[in-house]
Amino acid sequence: MTSEAGAAAARAAPPARKGWRLVLANLREPKVLVMLLLGFSSGIPIYLVGNTLGFWMRENAIELSTIGFLSWVGLAYSLKFLWAPLVDKLDAPVLGRWLGRRRGWMLLSQLVVGAALVGMALVEPRQGQLLLGGVALNHLLVFGALALVVAFASATQDIVIDAWRIESASSPEQQGLLTSTSTLGYRGALLVTDSLILILAAQAGWSLSYGAMAALMGVGVLATLSAREPAASVLAAASPHPALFSARGLFDALVGPFVAFFRQHGQWALLMLLTISLYRLPDFLFGPMANPFYADLGMAKETVGAVRGSFGLVATIAGVAAAGLTAVRFGFIQTLLAGAVLGPGSNLAFAYLALHGNDPGVFTAAMVIDNFCNGYAGVALVGYMSSLTNVGYTATQYALLSSFYALLGKVLKGLSGVAVEHLAIDRSLLEAYSLFFVGTALVGIPALLLCIVLVVRKPPAAVQTAA
């Protein structure tokens, strides 16, 4: 929370309400449940235009090159900072006047996601021509356009939900709990769209499965209608500001967030951005090789799925909860430092698994370690980025930070397969995997050192967000 009023209120809180009693008090807030449901809504679309979509397309005999090209619709999540200023400064058509700026954009994006998912279910990925109003269109082109609409609307939903989360927190402690709650809902949605949907598709078909996912967007709609518009958003909407499409208005919307960020954080701004960009790099590099590694290790798909959906899920929830509680108790900077150790360190468990061989018990242990550590590190980074934003530019600045943290990793992860193949030249493939996983853990050292600097030197943002 970057508001001076919020920071002052946190510092003035009575000692009796500090610590774990404050955690329990915040858990009773209705906004915590709303945040859980909004996190779920935020997580539903991403795999439906990503990994899960590729599964559906391949089963329909779509070429791998086409699947790869269609995966580019996911770039919307990395480019959302381009239209975040509009979301920050303008009300949603019609709905904005009824629900407010944040809730209006939330509901609009959720309705568009749901409608486009229904469209994907009806069109289906297949070769040939599709007749629409007597006009013959390329079937896959129409399907791809609908997927792009889902990705764009989903990224917009993320922009607004993140802004609502940041602006709704009344203290840094509550920000930590809302962040972990949002992550918990998000992870639950990923489980549904990455694992459970495969079971449903096997029984009822992909079209019905995507229709069911569209219906699940109703969870987000219910949460939006139950939520309260943040006071900061109401104030920003009521405050006079230059017309958006004037020279001054465009400068304020597009350049203002950057100016405000560097003005607030001064000489620390570049260090903070560098820390954010490197923090999850080990996870990004590891990610593309995870499933191929399981296959080369000889792990059965049903074993992988069962462990992910049981032990892995429990470990993720535990990691998310632990990060939220430590953020409340010790502050975002200390939690960030712990995550910088746990996140990359968990990759070493898979390095051991690669040398140990196909052992369901060791695999389960590695999955538990990985899910706990990455659940913790994810909440730590989201909470820290949230603490750096300015009221008035919340949506734009957080969209920029969340895009910034993923950009380097998304570029470099495409080289992970080449790295494993190169390491396998003079050694076995599993030995190559082990070395690669150790290397990804070592990539986390620069981020760890930067976090230590942030803890030791305590920049202004750390003072404002300490618990």
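## Cysteines

Across the whole structure, which is a predicted model, a search finds 0 disulfides. A disulfide is a covalent bond between the sulfur atoms of two cysteines. Two of the cysteines can still be described by their surroundings: C373 is buried, with a relative accessible area of 8%, and C451 also counts as buried, at 1% relative accessibility.

## A buried acidic residue

Helix α20, which covers residues 360-387, holds D370. This aspartate is buried and yet has no salt bridge, and the nearest side chain of opposite charge, that of R280, lies 7.4 Å away. Because a salt bridge requires a side-chain nitrogen of Lys or Arg within 4 Å of a carboxyl oxygen of Asp or Glu, R280 at 7.4 Å does not form one with D370.

Which residues does D370 touch, if those up to four places away in sequence are not counted? The contacts of D370 are with S346, N347 and F350.

## Positive phi angles in two loops

V94 has a phi near 65°, which is a positive value in a residue other than glycine. The residue sits in the loop between α6 (84-89) and α7 (95-99), and V94 is exposed there, with a relative accessible area of 71%.

E124 likewise is not a glycine, although its phi is positive, at about 65°. The loop that contains E124 runs between α8 (101-123) and β1 (129-132). Is E124 buried, partly exposed or exposed? With a relative accessible area of 21%, E124 is partly exposed, because the buried class takes in values under 20% and the exposed class values over 50%.

Note on methods
Residues numbered from 1 in each chain as written. Predicted model: local features only at pLDDT ≥ 70, side-chain atom pairs only at ≥ 80, totals over all residues. Heavy atoms only, no water. Helix = DSSP H or I, 4+ residues; strand = E, 2+ residues; numbered from the N terminus. Buried < 20%, exposed > 50% of the residue type's maximum accessible area, 1.4 Å probe, protein only. Lys, Arg positive; Asp, Glu negative; His and termini not counted. Contact = heavy atoms within 4.5 Å. Disulfide = S-S within 2.5 Å.
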